[in-house]
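Open the model in your viewer and keep the sequence panel beside it. This tour moves from one selection to the next.

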Amino acid sequence: MIGLALLLLQQQAAAQYPAAYWQQEVGYEIEARLDEAAGVLSGSERIRYTNRSPDSLTTFSLHLYLNAFRPGSRWSAADSAEGRRRFNDLRDPAFAFNHVRNVRIMGEPVQPVYPFAPDSTVVRFDLPRPLLPGESMSVEMDWDARPSTVPRRQGRQGRRFDFAQWYPKVVVYDRYGWAEHPLYPAGEFYGEFGSFLVDLDVAADQVVGATGVPVCGDPGWERANRAPSRAVEYQRDYYGERTPSAGVCDGAAPGRKKIRWYAENVHHFALSLNPEYRYEGGAFGNVAVHVLYQPGDEGTWGKGTAVERTVTALAWLDRLFGTFAWPQMTNVHRIEGGGTEFPMMVMNGSADQGLIVHEVGHNYTMGILANNEWREGWLDEGFTSFQTTWFWETLGRTGGYEGNEAGILELDLDGYSEPTSLVSDAYRDFVSYNISIYSRGELFFHQLRHTVGDATMQRILRTYYDRWKLKHVDETAFRAVAEEVSKRDLSTLFGQGLHAVELHDYAIGKVRVSGAAGQRGSGKTGWTTKVEVIRKAEGRLPVEVMVIAERDTGVVRVEGLAEREWVEVSTRSKPKHVVLDPRVRTHDWNMLNNRKKVGGFLTKLFGSAPGIDNYFHPYFSTRSRRDRITVGWQPVVWYNDAGGVTLGVRSRGDYLGRFEQNVAVASIATGLGSDLDVGDVDFFSRLRNPVKLRAPNMSQTLDVFNVEGRYGVAAEVAWTRREHLTFGPTWSRGLRVEWVATDDFRYLDRGLYDDVGTVELQSFGGVTTQSAKWQLAVRSSLGGGLAYNRDGLAASGRPELDPFYFRGQVEATARRPLGSKWNFGARAFVGAASGDHTAAKQRQIYFQGADPLQQLRNPFLRSRGSLLVGDDFRYHSPGGAGVRGIDSRVSTGAIVALSLELDQTLVARSSARLFNRISVAAFTDLAHAIGGASQSLTGDRIRFLGDAGLGLRADHRIGDTRFTTRFDLPLYVSRPELAQDREPGDDEVEFRWTFSFEPAF
Ligand SMILES: [Zn+2]
């Protein structure tokens, strides 16, 4: 009985919510004349306002939204803060405005107050006397409205005008009071339902699309009709007896025409004009479809394409929600790209089917089910993104859910996610707002659908529409319907899905199988698998538990609320595997604990690893999967003078593109092509980012190796942090400890290595940022270590060598484009190793590029006679002081250096794979040794080293790999005897070259 009483109470609560609902009543009468030369629409407006609220009103507010698109607005300020320049820089007559004059309320003149000044997108008036519940009043005013030349939802371009949110618009009064909210880039609109009577006076040749129906006058459709076999449906009498008089359209001035529009039950009136518009018409049931496209659109919009796609969208939405509430749907090709929704109208940048389904879908979620778009943007954007994905799914095009879910997971794992339900201007920035309300909002609807099932989801949508059409909706309204229809408590789903950003992780615990044999007596022939489902993270969603048996599959669902729960899955044949959440519906970040083999002790010992996807690695692209580890295998071959031709096998692991990025290389030196009888077997092993050590923005690496005369261990922990996803600084810092011992000098160049081992601890950090057109970066490292040999710290037979050394480097780079083709870049560098004393050779600071330990992981660079450092090859590996023309073995204790580059793009073909950018460059590198002890190949002390020359660069992309080929000619080198490419007797100016696969800095 108690249960029944509770159920009744719940149903009552759900049923009562709409009963307590009220909304204000508004009627607009607008008369407006467009002066095309000035770009200004001038009008007068009369508003009939009825107070249906239980409150007495003492003020009245209007939105003047066009005032956002001008300097000084909150919109412009938000743009500036995020590095966008749009309306802040516009001058008269380019910017937009909406000015009101002569405002009279209840017949009396009133004074405007701009509560968010200098922003003027909201204007407020004190009422001459309070407006009591149930009373009506009239508001009259004159105004001028001008769209901006830079389009954003609205805009003008020559004789083309897209009017959106263009007239003084009544601010919604709801249970929170007046919804006064300035217009920001993030967040859209909120309007009172009402009727609009709009009398337009425009040039006679204009073609006009608008909300509502043309009661009288010529919108220009017939003359522009490209499919004249079908008569234009004006629907002039759609509103029957309520249709306003059609007498006002006569008497236009020469060259002008008058059109009267009328619409009911809409919260906005949009308008678009272009004398070049082409018209095509169609219908879905009683809903007329008007398409207005531009010259040149014949192949993309014309020939019925856009009409048909609009009809397709209406048919889908009719099936999903119910009958469309209005007489017509106008789809126009607007000035701006993208798309924006208005009641009875969408203004789109293309005739893409997905875009049309999205924007026409907004006529339901936003237009008819009218949410407050800046307070709960997910309720229209997330909703319509969800229904668009579902639309494609019904046509067999999958991947929409998967791509969206994986993208959000990336942000969740690094702690960049913000909840779906924030008020729009509370988001960190415009990008985070978009991700949160569109993508994360869409994910919420998929999770609701997963929780209640497809059939119930359909009933929820139809009930929600039926109950709430032509009303203001919010989360409470939608949730009440969803709970009522599904008969489920959805508090956790709505709470976590909309108001939190928690991670989800389910894992399989114990698995127990009871076989057919034991059950024969009971007459049963099947198998029962008992599975323990463990919830390892805060996120809770229903989990599908799948048992794959020899000849059949069983699936059972658990609620996923408990930390541990058991579930029984029956199969007819013998169970082989258990898989949790096989369709990846729980947003589970770690799917590696979602698979288990069923079996005895031996299977558990040898077979319990999660399913690994082994594949042949094609060198330039690494495979990544949402639900399991991938391991790519590849043969490798390289050469050096000691080992000769070296053959090996390399594996590269991956999970989610960020975890388990382990590398293993086993290689054998064949001695082929070498005079030395080395014949080594080597290995290199890297463990990187195990899922067990997951932490936001953190990466861990452990290398253990024995390669080509060196062995050692390196461990690194690094953090990066972006303040914003698309602008602002990115910070990084980390710690690294590295031990490298030398044991076979047949591989090593004495110019690069002393015969000592080194153990070094280093901390590093850096920041990159964009400032105006400058791309700036600073990186530094600071550390120290000790050098030792077999005799301990008395190292190497070089008495001056200090076993304890200090090492620090700072590098700063700055780059910027100069016009469209030129780029300037500069790099400053300071590096010091062990102050006045000399560090071991491999830890000194190098004049040309990277130091020997930085090249240790590259088999083409690390050993004597390697392919890229052989006798005939001049390679530049960026780093150090960066004097690219110098021999890579020249080093000293401390250097300060500066490099400058200027390049000009000759060819840019962004879609090409090879040579997608080719440029020529001029460069100079200048370095000065600091302090005393310097040594060089020539035995003397080096003070200054510099070079200058010309270069040729090309950018390429193969698979997922982007790289540069850089061919530099250091024609001038200040010390020719130290040049990398040198011959006896060279002058300072000679023909020399170096090559690299990386930019110089
Ligand atoms: Zn949208």
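Two strands pair if DSSP finds at least two bridges between them. Helices (H or I, at least four residues) and strands (E, at least two) are DSSP runs, numbered from the N terminus. This is a predicted model, in which local features need pLDDT of at least 70, side-chain atom pairs count only at pLDDT 80 or more, and totals for chains, interfaces and linings use all residues. Residues are numbered from 1 along each chain as its sequence is written, and side-chain values use heavy atoms, with hydrogens and water left out.

**Stop 1: a four-stranded sheet**

Select β28, β27, β30 and β31. In that order, these 4 strands form an open sheet with antiparallel pairing. Its edges are β28 (553-558) and β31 (595-597), each of which pairs on one side only. On average, neighbouring strands of this sheet are turned by 15° against each other, direction ignored. The axes behind such angles are lines fitted to C-alpha atoms, for helices over the stretch in contact, and angles run from 0 to 180 degrees between N-to-C directions.

Now narrow the selection to β30 (residues 575-580) and β31. The two run antiparallel and are joined by 3 bridges. Pick V578: its bridge partner in β31 is K596.

Step on to D581, in the loop between β30 and β31. Its phi is near 50°, a positive value in a residue other than glycine. Is D581 buried or exposed? D581 counts as buried because its relative accessible area is 0%. Buried means under 20% relative accessible area, exposed over 50%, and partly exposed in between (1.4 Å probe, protein chains only).

**Stop 2: a three-stranded sheet**

Select β25, β26 and β29. These 3 strands form an open sheet in that order, again with antiparallel pairing. The edge strands are β25 (506-514) and β29 (564-571), and each pairs on one side only. Here the average turn between neighbouring strands is 25°, direction ignored.

Zoom in on β25 and β26 (residues 527-535). They run antiparallel, joined by 7 bridges. Label S514 and look across to T528 in β26, which stands opposite.

As background, strands of a sheet pair through backbone hydrogen bonds, either parallel or antiparallel.

**Stop 3: strand β16**

Select residues 256-266. This is strand β16, mostly covered: 9 of its 11 residues are buried. Add β13 (residues 194-203), which pairs with β16 in the antiparallel sense over 9 bridges. D199 stands opposite R260 in β16. Then add β15 (residues 213-216). β15 and β16 also pair in the antiparallel sense, over 3 bridges. Here V213 stands opposite Y262 in β16.

**Stop 4: two exposed residues**

Go to R223 in helix α3 (residues 221-224). R223 is exposed because its relative accessible area is 55%. Leaving aside neighbours within four places in sequence, R223 is in contact with D205, V207 and P275. Contact means heavy atoms within 4.5 Å. Draw a distance to R440: the C-alpha atoms are 45 Å apart, and the residues are 217 apart in sequence.

Next, find G299 in the loop between β19 (287-293) and α4 (305-320). Its relative accessibility is 67%, so G299 counts as exposed. G299 and A921 are 622 residues apart in sequence and 44 Å apart in space, C-alpha to C-alpha.

**Stop 5: backbone details**

Show the peptide between D92 and P93. The bond is cis, with omega about 5°. P93 is in the loop between α2 (74-81) and β4 (97-105). Move to A117 and P118: the peptide bond joining them is cis, with omega near 10°. P118 lies in the loop between β5 (108-109) and β6 (122-131).

Finish the close-ups at E660, in the loop between β34 (644-654) and β35 (663-669). Phi of E660 is near 50°, a positive value in a residue other than glycine. E660 is buried because its relative accessible area is 14%.

**Last stop: the whole protein**

Zoom out. The protein comes to 12 helices and 50 strands. Its C-alpha atoms fill a box of roughly 105 × 90 × 55 Å along the principal axes. Of the 1001 residues, 55% count as buried. Among contacts with a separation of 6 or more, 66% come from residues 24 or more positions apart.
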